[in-house]
Amino acid sequence: MSVLGEVLTAMVTPFRPDGAVDVGAFRRLAAHLVDNGSDGLVVTGTTGESPTLSDEERMELYVAAVDEVGDRATVVAGTGTYSTAHSIHLTKEADKLGVDGFLVVTPYYSKPPPRGIVAHFDAIAAETDKPIVVYNIPGRVVVNIDPATMALLAEIPNVTAVKQAWPEPDEARAIVDLGLDLYAGDDDLILPFLELGGRGGVCVHTHVVGPQVKELVSRYRSGDAEGARRLSEELRPSIDLLRVAPNPIAIKAALNLLGHEVGGHRLPLVPATEGEVAQVRVCLERLGLLVAA
């Protein structure tokens with residue numbers, strides 16, 4: 001197993017009715033996830049609504065995660081923003097709190113050229129000796145980190161892994177060939193990326209199907225590729241669930257239906273509609289997690 005694990009869950013951030021971060025609910029959810037298949041947790045990633053969190057709230061969540069599960073799971077802090085200076089600040093402060101690594105997304109909105117992307121990661125990585133996971137998600141940041149640029153990032157000593165939310169198999173295989181840990185950045189890519197030599201996934205659906213995803217990876221690693229494929233197909237409703245509404249709207253609706261009480265969202269995200277909640281419920285019923293009415 002890599003230093004960060006095989007199955008990492010990109011956690012939601014629970015909110016109270018007044019919009020404040022619910023640290024108690026966060027702690028309970030973190031413990032639940034680690035008890036149910038997660039080797040590690042990504043805190044304040046996109047799923048955690050990081051753009052709406054203050055720096056102080058981010059640090060409070062890192063402290064809570066390290067304290068709650070740091071002795072039995074890895075804690076990866078999502079410290080990447082579109083500002084290199086701000087990303088450096090967040091990384092340095094989170095490093096002091098004992099997190100195990102950092103998820104750094106490609107700078108969004110600015111659309112930097114490849115040399116700007118490399119300079120961004122190089123500057124952040126210089127502030128820590130802990131692992132940096134490159135988060136390549138063209139669907140949200142518009143820019144794709146191509147293989148040539150990825151090869152330059154691989155030369156940075158503590159860039160050790162890539163969360164790849166891009167389905168192109170040749171580009172995923174190139175990441176493995178560079179000696180980097182390849183993590184599926186979209187939940188339906190876990191098995192295809194394992195088949196290319198990937199490490200596992202940084203997942204959202206593991207909020208509700210963590211044990212099954214852990215078993216899928218374990219089956220594949222043990223040589224039971226066919227069993228892993230069957231389980232992947234059985235988990236199809238969890239992929240359908242995530243597509244009901246933009247992340248993390250659907251997964252928060254699912255968690256609330258399952259009794260985890262993670263609350264709503266901060267604008268510009270909004271709660272699931274009644275129709276969307278109904279679709280999420282159907283997906284949970286198909287997974288056997290809720291009994292049909």
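Two helix axes count as roughly antiparallel when the angle between their N-to-C directions is over 145 degrees. Keep that cut-off in mind for the first stop, and remember throughout that you are looking at a predicted model.

**Stop 1: α9 and α10**

Select residues 206-221, which make up helix α9, and residues 225-234, which make up helix α10. Their axes come within 7 Å and cross at roughly 155°, so α9 and α10 are roughly antiparallel to each other. The crossing of α9 past α10 is left-handed.

Now show the side chains where the two helices touch. From α9, pick Gln 212, Glu 215, Leu 216, Arg 219 and Tyr 220. Across from them, in α10, pick Ala 225, Gly 227, Ala 228, Leu 231 and Ser 232. Colour that set by class and you get five nonpolar, three polar and two charged residues.

**Stop 2: Glu 6**

Next, go to Glu 6, in the segment that comes before β1 (7-10). Is Glu 6 buried or exposed? Glu 6 is buried, since its relative accessible area is 8%, and the cut-off for buried is under 20%. Add Lys 214 to the selection: its side chain and that of Glu 6 are joined by a polar contact of 3.1 Å.

**Stop 3: α1 and α2**

Time for another helix pair. Select residues 23-35 for α1 and residues 55-69 for α2. Here the axes come within 9 Å and cross at roughly 40°. That angle makes α1 oblique to α2, and the crossing is right-handed.

Which residues of α1 meet α2? On the α1 side, light up Val 23, Phe 26, Arg 27, Ala 30, Ala 31 and Val 34. Their partners in α2 are Glu 60, Leu 61, Ala 64, Ala 65, Asp 67, Glu 68 and Val 69. Sorted by class, this contact has nine nonpolar and four charged residues, with no polar ones.

**Stop 4: Glu 49**

Hop over to the loop between β2 (40-43) and α2, where you'll find Glu 49. Check its backbone: phi is positive, about 55°, although Glu 49 is not a glycine. This residue is also buried, with a relative accessible area of 2%.

**Stop 5: the loop between α5 and α6**

Zoom in on the loop that runs between α5 (138-141) and α6 (147-153), and centre on Asn 144. Asn 144 is partly exposed, at 23% relative accessible area. Leaving out residues up to four places away in sequence, Asn 144 touches Asn 136, Pro 138, Trp 166 and Glu 171. Show two side-chain polar contacts while you're there: Asn 144 to Asn 136 at 2.9 Å, and Asn 144 to Glu 171 at 3.1 Å. If you want to try the distance tool, Asn 144 and Ala 161 are 16 Å apart, C-alpha to C-alpha, with their positions 17 residues apart in sequence.

Don't leave this loop without clicking on Val 142. Its phi is near 80°, a positive value in a residue other than glycine. Val 142 counts as exposed, at 57% relative accessibility.

**Stop 6: two cis prolines**

Finish with a pair of peptide bonds. Select Asn 247 and Pro 248: the bond joining them is cis, with omega about 5°. Pro 248 sits in the loop between α11 (236-242) and α12 (249-257). Then select Leu 267 and Pro 268, also joined by a cis peptide bond, with omega about 20°. For Pro 268, the place to look is the loop between α12 and α13 (274-286).

Terms used: Residues are numbered from 1 along each chain as its sequence is written. This is a predicted model: local features need pLDDT of at least 70, side-chain atom pairs count only at pLDDT 80 or more; totals for chains, interfaces and linings use all residues. Side-chain values use heavy atoms; hydrogens and water are left out. Axes are lines fitted to C-alpha atoms, for helices over the stretch in contact, and angles run from 0 to 180 degrees between N-to-C directions. Helices (H or I, at least four residues) and strands (E, at least two) are DSSP runs, numbered from the N terminus. Angles under 35 degrees count as roughly parallel, over 145 as roughly antiparallel, 65 to 115 as roughly perpendicular and the rest as oblique. A crossing is left-handed if the near helix is turned anticlockwise from the far one by less than a right angle, and right-handed if clockwise. Contact means heavy atoms within 4.5 Å. Ala, Val, Leu, Ile, Met, Phe, Trp, Tyr, Cys and Pro count as nonpolar, Asp, Glu, Lys and Arg as charged, and the others, Gly among them, as polar. Buried means under 20% relative accessible area, exposed over 50%, partly exposed in between (1.4 Å probe, protein chains only). A polar contact is a pair of N or O atoms within 3.5 Å; within protein, one must be able to donate a hydrogen and the other to accept it, and residues adjacent in sequence count only if both atoms are side-chain atoms.
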